Amino acid sequence: MKHRNPAAVLLLPFITLGIYSWYWLVKTKGEMNSRGAQIPTAWIWLIPIVGGIYWLWKYSEGVEVVSGSQTSAGLAFVLLFILGVIGHAIVQSSFNKVA
């Protein structure tokens, strides 16, 4: 996993009007898949309602795999789904621990 500044992960979405959030999710998905996670393509977001939720759950399962179960899939899902960019920064902080 690439070491990224959690503050940048928190603030860049505001500067880029949310585009960096999507970029960060797709980039880290690729890094997690190279470490053994099995996260499907981000194109699944195009399926209304369920696509995004299903993909975010699979992403959260990948967070659990990559973090060595330090961050559970349920916690990662809540952080990413409920807290948004704040959750992204927290998850990035856990990625930095394994980088």
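Start with the whole fold: the protein has 5 helices and 0 strands, and its order along the sequence reads α-α-α-α-α. Helices here are DSSP runs of H or I with at least four residues, strands are runs of E with at least two, and both are numbered from the N terminus. This is a predicted model, in which local features need pLDDT of at least 70, side-chain atom pairs count only at pLDDT 80 or more, and totals for chains, interfaces and linings use all residues. Residues are numbered from 1 along each chain as its sequence is written, and side-chain values use heavy atoms, with hydrogens and water left out.

**The whole chain**

Show the C-alpha trace next. Along the principal axes, the C-alpha atoms fill a box of roughly 35 × 30 × 20 Å. The radius of gyration is 12 Å, which agrees with the value near 13 Å for a compact globule of 99 residues; the radius is taken over C-alpha atoms, and the globule rule is 2.2 Å times the number of residues to the power 0.38.

Now colour by accessibility. Of the 99 residues, 40% are buried (buried means under 20% relative accessible area, exposed over 50%, partly exposed in between, with a 1.4 Å probe and protein chains only). If you display contacts (heavy atoms within 4.5 Å), take the pairs at least 6 apart in sequence: 52% of those contacts join residues at least 24 apart.

**The start of H1 and the turn after it**

Zoom in on helix H1, residues 6–15, and select Asn5 and Ala7. A side-chain oxygen of Asn5 comes within 2.9 Å of the backbone nitrogen of Ala7 at the start of this helix. That is a polar contact (a pair of N or O atoms within 3.5 Å; within protein, one must be able to donate a hydrogen and the other to accept it, and residues adjacent in sequence count only if both atoms are side-chain atoms).

Move on to Leu17, in the loop between H1 and H2. Most residues other than glycine have a negative phi. Leu17, just after H1, takes a positive phi of about 60°. Is Leu17 buried or exposed? Leu17 counts as exposed, at 78% relative accessibility.

**Ile44 in its loop**

Pass helix H2 (19–34) and stop before helix H3 (50–66): Ile44 sits in the loop between them. Ile44 counts as buried because its relative accessibility is 18%. Which residues does Ile44 contact, leaving aside neighbours within four places in sequence? Select Gly51, Gly52, Tyr54 and Trp55. For a distance to display, try the C-alpha atoms of Ile44 and Tyr54, which are 10 residues apart along the chain and separated by 8.4 Å.

**Ser69, between H3 and H4**

Follow the chain to Ser69, in the loop between H3 and H4. Phi of Ser69 is near 65°, a positive value in a residue other than glycine. At 51% relative accessibility, Ser69 counts as exposed.

**The nonpolar patch**

Finally, switch to the surface. About 5600 Å² is exposed, and carbon and sulfur atoms supply 69% of it (areas come from the Shrake-Rupley method with a 1.4 Å probe; for residues, only the protein chains shown count as cover). Select Ile49, Ile53, Val78, Phe81, Ile82, Leu83, Ile86 and Ile90, which make a nonpolar patch of about 770 Å². Helix H4 (73–82) and helix H5 (85–98) are the elements that give two or more residues to this patch, and H4 gives the most, with 3 residues. Patches are made of residues with over 30% relative accessible area and no salt bridge (a side-chain nitrogen of Lys or Arg within 4 Å of a carboxyl oxygen of Asp or Glu); like charges are joined within 9 Å, and nonpolar side chains (Val, Leu, Ile, Met, Phe, Trp, Tyr) within 5 Å.

End on Val78 in helix H4: Val78 is partly exposed, with a relative accessible area of 44%.
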